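Please look over the structure below. This report walks through its sheets, helices and ring contacts.

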Amino acid sequence: MRYEVVKERLERLGEDSSSRIELLQAISVAVNRGNPEWEGRDLVIRALDKFALFGEVEQSLLLSMIRAVGLYPYITPYLDGISISDRLAYEVHRVDGVEAGMVFHRLQAHVFSLLMQGRNVVLSASTSVGKSLVIDAVLAQEKFRKIVVIVPTIALIDETRRRLVKRFKQRCNVITHPTQEADDARVNVYLLTQERVLQRDDLQDVGFFVVDEFYKLDLCSDSETGSRAIDLSLAFHKLARQGAQFYLLGPHIQNIHGLDAYEYNFIPSNFSTVAVDVEYFNLPTNGDARKDKLLELCRKIATPTLIYSQSPASANKVAQLLIEKGGFSPLAQTQDIAQWIAKEYHPQWNVAKAISLGIAIHHGGVPRALQQYFVKLFNEGTIKHIICTSTMIEGVNTSAENVIIYDRRVSNTPFDFFTFKNISGRAGRMNRYFIGKVYMLEAPPEEKDLTVDYPIGLQNEDSPMGLLMKLEPEYLTDISRQRLDRAYATPLLSTATLVENRHIPVDRQIEIAESIIRNLAVSRRMLTWKGNPEQNQLEYVCTLVCDHLQTKLMDYGIISGPQLAFHINSIRMEKDFSAYLQNAIDTNRAGTTASEAINLRLKFIRNVLCYRLPRDFMAISKIQADVFTQRNIEPGDFSFFSEQMENLFHDPLLTALDEYGIPTQVSTRIKSSILPSDNLNDLLNKLRHLAIHLDGMQLSPFERNIMKWAIAEM
């Protein structure tokens, strides 16, 4: 019996015993044939979804087939009904030191065995395969005293931190923030983005490190300037060149090039713990067909569902559609959070409107603490829908049975087959939903293999200068050395300045230096400040940013230095999101809704004010310091103001709590109880002691709930 026939008959399985036996025989043939291996495993998973319909003897046969395909975790609820040989095989796959009763499936056990032998491993497997459990099992052995786990997003830092704290709170010291330090009495786990790895100077003796979503090493994976891919490559290089063992993990990758300097086991696997059904609708991008189908699906589907959209703007439109026409009723359990968002941000923001109906919105403009709380509500089953962008697809684990792919793009670029598979992999969840369901509203992308290129091992004439500048001479090719020699030949700036500003093209740095020199009398008055700038000084630096560094400020309606300075000052003076967002609505251009204007401002805060501007201000600070020092003029120093921008003009320790699930508005209200603190660990200890007093504090019901939840998982 062919795979498709067995699959279809399993879907229609009833009480007919002869039909059940015939199906089990067909599944057994597929399992024993093993070519292709995935067919037998997939049919076993689909049969597990119908487990209750099989008789006792039939269930015993099915459990033996579970062992045959290596899905040992699925045997756990039925240990009393398996044979002695199956039980022995099960016990061999048991995981020690993580959680009671936990077992590996076949692929996890294989990877763990290689790592325990001291091998480097590069694993490519589907999202649902449980790659992270292998990390936890390695930690539990305490073979390594210092471990680094590199993840691509702050959201993944939070998710991984919560998991590790839950399992290893007494044994591991989990470090995520620059002020946290190693504890020699415990295993130290540095849980960092690539940028934070490069910032730390205490990673010389790391024994083992992990790169999650390793496909982001490839320069083509970075949709903007490639700077994050460059930083990830440098972070890998920083740890691997000192001999640390590595484990790279990611989905759906057929090959990796450029790691020839290292010995490693590459394991491309199609092993999966869930089955996935995809329904294609091939609807046009324009028109109302996709909207109508989305509404139809949301009315029909009753189980947890992710709705993928290409951008915050698209997510806002999808939310507006569901708010107006989805037929959702107000959800009692989410009224507190909806009212809080409306008060602290704006009542016209669709995030507030949607969550009041049990629909969460998850994208880069939504504050991190709210993102985390929405995922919590979703995984607990309180809400059933999350409208998300790639911020959630890149590694955040959810208990979703269904994924609706509304857009076939990331931002405005059509996504490839790899991204399609990555999004589809969010459907289904081991031990919860055996069969994930994906609804692709537009035409699917063409199937194509993905190969990852590690740029340090594949240097050529096109290699980014920002990558080459941070490599030691012995790791540079002759071509790269010649390119660097030409770049460093400029007399205007020192090599040290060019390297420190490596994220900015050399010609842009020279342009800024020439501008400063050309107007030396003016630039001396405007650039030699320290601490906080005066208004004209701020506008001058902002003009340099607009003219030479920021090419996308027009996306936010900003075309001049004074305009950029206005946005900075609006947050600096008020420190009040609601007033700043109301200004966005008051000055909103025609054709844009209030919620769209709010999203744009919040995106500006996250992407520009907290990230790009501090970096650009510091680049200009280093350039002016170099220019003025050469001319015996005391230079300025923008480091304090840059740090202030990065932290929205709050104490850095308070804004760090946003990553721990506590909104900045809430931490600001309780700051008198937790500040001053020497470092983040000191602050977290004060919060833990504060937990028993929360009911007596002047906080709203939602604020108390989110504080209790965040503190419980610290």
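## A charge over a ring

A charge sits over a ring if NZ of Lys or CZ of Arg is within 6 Å of the ring centre and within 35 degrees of the ring normal. In this predicted model, R162 places its charged end over the ring of W709, 4.0 Å from the ring centre. R601 does likewise with Y580. Here the charged end lies 4.4 Å from the centre of the Y580 ring.

W709 has further ring partners. Ring pairs join W709 into a cluster with W340, Y345, W349, Y373, F577 and F702.

## The seven-strand sheet

One open sheet has seven strands in the order 3-4-2-5-6-1-8. Their pairing is parallel. Strand 3 (172–175) and strand 8 (265–268) are the edge strands, and each pairs on one side only. On average, neighbouring strands of this sheet are turned by 15° against each other, direction ignored.

Inside this sheet, strand 2 (residues 146–150) and strand 4 (residues 187–192) run parallel and are joined by five bridges. V148 stands opposite Y190 of strand 4. Helix 7 (residues 131–141) packs on the sheet. Helix 7 touches strand 1 (121–124), strand 2, strand 4, strand 5 (208–212) and strand 6 (245–250). The direction of helix 7 makes about 160° with that of strand 6. Helix 10 (residues 227–240) also packs on the sheet, touching strand 2, strand 5 and strand 6. Its direction makes about 165° with that of strand 5.

## Aromatic pairs

How many aromatic pairs does a search of the whole structure find? The count is 26. One of them is F144 with F208, which is stacked. The ring centres are 5.1 Å apart, with 15° between the planes. F144 lies in the loop between helix 7 and strand 2, and F208 lies in strand 5, so the pair ties together parts that are 64 residues apart in sequence. Both F144 and F208 are buried.

F236 and Y262 form an edge-to-face pair. Their centres are 5.6 Å apart, and the planes make an angle of 85°. This pair also links distant parts of the chain. F236 belongs to helix 10, and Y262 to the loop between strand 7 (255–257) and strand 8, 26 residues apart. Are these two rings' residues buried or exposed? F236 has a relative accessible area of 0% and is buried. Y262 has 17%. Buried means under 20% relative accessible area, so Y262 counts as buried too.

## The six-strand sheet

Another open sheet has six strands in the order 9-16-13-10-12-11, with parallel pairing. Strand 9 (275–280) and strand 11 (359–362) stand at the edges. Each has a single partner strand, so one side of each is left without a neighbour in the sheet. Neighbouring strands of this sheet are turned by 20° against each other on average, direction ignored.

Strand 10 (residues 305–308) pairs with strand 12 (residues 385–388) through four bridges, and the two run parallel. Y308 has C388 of strand 12 as its bridge partner. Strand 10 also pairs with strand 13 (residues 402–405), again in the parallel sense and over four bridges. There, T305 is matched with N402 as its bridge partner. N402 in turn has K437 of strand 16 as a bridge partner. Strand 13 and strand 16 (residues 435–440) run parallel and share four bridges. Helix 12 (residues 312–325) packs on this sheet, touching strand 10, strand 11 and strand 12. The direction of helix 12 makes about 150° with that of strand 12.

Which way do the residues of strand 10 point? T305 and I307 point one way, while L306 and Y308 point the other way. All four are buried. In a regular strand the side chains alternate between the two faces of the sheet.

## Helix 3

Helix 3 (residues 37–48) has twelve residues. From its first C-alpha to its last it reaches 17 Å, close to the 16 Å expected at 1.5 Å a residue.

Why is helix 3 described as largely enclosed by the rest of the structure? Ten of its twelve residues are buried, so the description fits. Among the buried residues are E39, R41, D42 and R46. G40, L43, V44, I45, A47 and L48 are buried as well.

Notes:
Residues are numbered from 1 along each chain as its sequence is written. This is a predicted model: local features need pLDDT of at least 70, side-chain atom pairs count only at pLDDT 80 or more; totals for chains, interfaces and linings use all residues. Side-chain values use heavy atoms; hydrogens and water are left out. The expected span of a helix is 1.5 Å times one less than its number of residues. Buried means under 20% relative accessible area, exposed over 50%, partly exposed in between (1.4 Å probe, protein chains only). Two strands pair if DSSP finds at least two bridges between them. Axes are lines fitted to C-alpha atoms, for helices over the stretch in contact, and angles run from 0 to 180 degrees between N-to-C directions. Contact means heavy atoms within 4.5 Å. Rings of Phe, Tyr and Trp (its six-membered ring) pair if their centres lie within 6.5 Å; planes under 30 degrees apart count as stacked, over 60 as edge-to-face and the rest as tilted.
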